[in-house]
Structure formats: C-alpha cells, structure tokens
Amino acid sequence: MNNSGRRRGAATFLPAALALLLAYGAAAADTAQTPKPAGGRTTEATLSLGEAMKRLDGELLWDPMFQSGIITSNKHQAVFQAGAAGDSALILYDNKTLLNLPSPYTENGQLRFPETFIAALQSSIEESVEREASRLQIAAIVVDPGHGGKDSGATGSLNVKGKRVKVLEKDIVLEVSKALFEQLKKKYPGKRLILTRSGDTYPSLEDRVAKAHSIPLKENEAVIFISIHANSSFNKHASGYEVWYLSPDYRRDVIDPGKAGEAKEVVSIYNDMLEEQFTTESVLMAQSIIKQFDAAFGKELPSRGIKAEEWFVVRKARMPSVLVELGFVSNEKDAALMMDTGGRKRFADAIYNGIVEFVDRFEKSGGFTEVAGR
Ligand SMILES: [Zn+2]
C-alpha cells in the first residue's frame, strides 16, 4: 500500500471545483484507538482511516468542506458522507448501487469507520472482483482468408492500363486478411491470433474449423472467427459489401444462403442442427463490421447489409463468427477497389475497426448473452 499520501491522478474522481485533500497521509499517523461511546450510546467497533484503508487495500479522497469521501480499491469506488457516530448513511458503490451502512464520522478531527461499514464494503469489492474474473473474454481471434491454392474462389478480370488482368478472390482475401491479422496482432498482444492460411494453400473447411477448435480455452474464454471472401454475380452491376454471420463449420455452404429466403422450413431444420452458432454475438459483430464499412466507404460502395438474420438463434456462444464479402469481383468498380493496395488497406481497416469495437463491447459486458441472462 502507498503510504506516501497524495496522488494527483485520483483527483479526477471528484468535481474539480471541490477542494481536495487526500487524507490518508495525515491520518495514517492516527493509530488505532478504542472508540469512545458517544452520548451514552453504545458505539460499535471502529477503525482508524489507516486501518480501514489497509483492510480494503484502498485509498481515500477526502473533501473536508463537504465531509465527503471517495474510497477507491481495486478499481471500485464508494462515495460517502461522514455523519455522526451511530448514524446510518447511504453509500454509493461503483456509481450504481446504494448501500445503507453505519456512517463514518469524525472524532477529534480524525475519521472513524464503523467495522460493519468496512466489512460490507470489503465484501462488495470482493464480489465485484470475483465477477470480473469470471467474465467472458475473447481469448483468440481466427482470421480466415477464404479459398486458396487449387480453389481460386470467385474469378473475374479487370482492365488495368489497357491490359486485362485476372481478378482472383483467393488473392484479394489473402492480402486483406494478412493486413487485418497484422493490425490485430499489434492491438492484442495478449490474445492468440490465428491465420488459417498465410500463402496460396488450400486448407479444407474442416482444417480451418479444426484450427479454431484446437485453441485451448478456459471456462470464461471465447474465440471469434472472421472469414473473408469476395462476391461474384452474373449481374455485372451487382456491387457492394455484405456481412454474414455463420457457424464456424461453414454450414452456410451446405445450404445455399441465396435460397434461404425461399426455404424457411429448411432453415428451421438447419437451425435445429446448430449447437452454439448463429448467436447474438455473431450478429453484433456483423453489425460492428458493417457499420465500419459504411463509415469507410460511404456512397463509394453500397452496403448489402447483414445476411442470414432469419437464422438468428440466441445461444450461449463460445465462437461468434462472421463472414465478410468485400465486394464483387464481377463488378468493374468493386474489382478495381479490391485490386488496389490502398483499397485493400481500407477493407482491412474497416474490418479491424469493427472487430475492435465488438471485442471492446463484448469484454466490457462480459459477453452479451451472459449479461442478458443474469
Ligand atoms: Zn468465397
């Protein structure tokens, strides 16, 4: 514990207008005293400020004018106002919970904390810390460039400076995936990052899924899976990006998503087959990514939206998964953007920003469905 007193950073907790004093340094000298009964009332056991902060492993910010204080410990805080000995007071814990506890009070210019006040605060903090430790975390991110090797994926051609060049989905998605992967690696040194292929190879769908499933996970850890593809259509005017949420084992490929709208009964059977996919998390990740695409491309590239919403099933997911279709290799404008180094970087950036936003929200909430179920 820090015995030296003032900490500048802590001052941000209180409105700047208030005169602040960090009372700990001064009060630490106040050795334990036996509480004196006040006005004949029985006073419960109390602790000095030094003892109280030691118990909580905390620090106090004290405003002598308003007789109010903020105790911080393990990133949690309790706001209180000192009263008279024997009073009870409402304590605001973590800006959201009110605790009704015996009030701290000043005696001979020194703060005294009722034993029950400190004990209650201590257990609140312990509970919070425990809850945080069990929260869902994204432990690993799998980036999956579609196709590869013998499988080119969608193909097209493009006029570049009077020359006809081939446009191969497998090449585009590999470059975008690698850029995305590098950015994620920099951002999340503590997470495991997996690229399902880093060259012109063809891992089977089973290989890709097996890679994701082979990541050892603790009870509170989840993996996210992002597959990157490019679209194609006989209609040369078809253009734009879309994000699918899907199962990590590519069941999307089993049932043609294009037919999903017409075959609702097939979809419902399909739904029943799913164990842990098509979850809230997948949809939210898809939303985060599409939002970032909208921001990055505006009117330049149309949004085709999030697909497969009719497959929505709320389950506790361990692997939120999405599939991103960057644009159409069959469309001149889309293809030009995807064949351009700067264009690819913009795709990678947009996906990256979407993932970061998703991971941030996921980890803050401890996993969305977890919170919703509580
Ligand atoms: Zn593809």
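**Exercise 1. Place Ser 128: which helix holds this residue, and which side chain does the side chain of Ser 128 contact?**

Step 1: Start with the helix. Ser 128 sits in helix H3, residues 115-133. Helices here are DSSP runs of H or I with at least four residues, strands are runs of E with at least two, and both are numbered from the N terminus.

Step 2: A quick word on what you're looking at. This is a predicted model, where local features need pLDDT of at least 70, side-chain atom pairs count only at pLDDT 80 or more, and totals for chains, interfaces and linings use all residues. Residues are numbered from 1 along each chain as its sequence is written, and side-chain values use heavy atoms, with hydrogens and water left out.

Step 3: Check the burial. Ser 128 has a relative accessible area of 4%, so Ser 128 is buried (buried is under 20%, exposed over 50%, partly exposed in between, with a 1.4 Å probe and protein chains only).

Step 4: Look for partners. The side chain of Ser 128 makes a polar contact with the side chain of Tyr 93, at 2.7 Å. A polar contact is a pair of N or O atoms within 3.5 Å; within protein, one must be able to donate a hydrogen and the other to accept it, and residues adjacent in sequence count only if both atoms are side-chain atoms. Leaving aside residues up to four places away in sequence, Ser 128 touches His 76, Tyr 93 and Asp 94 (contact means heavy atoms within 4.5 Å).

**Exercise 2. Work out the open sheet: in what order do its three strands come?**

Step 1: The order is S1-S8-S7, with antiparallel pairing. Two strands pair if DSSP finds at least two bridges between them.

Step 2: Find the edges. Strand S1 (46-48) and strand S7 (105-107) each pair on one side only.

Step 3: Go through the pairs. S1 is joined to strand S8 (residues 110-114) by three bridges, and Ser 48 has Arg 112 as its bridge partner in S8. S7 and S8 also pair over three bridges, with Tyr 105 opposite Arg 112.

Step 4: Look at the turn. The hairpin of S7 and S8 has two residues between the strands, and Asn 108 takes a positive phi near 50 degrees there.

Step 5: How enclosed is S8? Four of its five residues are buried, so S8 is largely enclosed by the rest of the structure.

**Exercise 3. Find the zinc ion's donors: which residues coordinate the ion?**

Step 1: They are His 147 (NE2), Glu 169 (OE) and His 229 (ND1), at 2.0 to 2.1 Å. Donors are N, O and S atoms within 2.8 Å of the metal (3.2 Å for Na, K and Ca); water is not among the atoms, so sites may look incomplete.

Step 2: Along the chain, the donors follow the spacing H-x21-E-x59-H. Glu 169 in helix H4 (residues 169-187) and His 229 in strand S13 (residues 221-231) are 60 residues apart, so to speak linking distant parts of the chain.

Step 3: Check burial again. Glu 169 is buried at 3% relative accessible area, and His 229 is buried at 9%.
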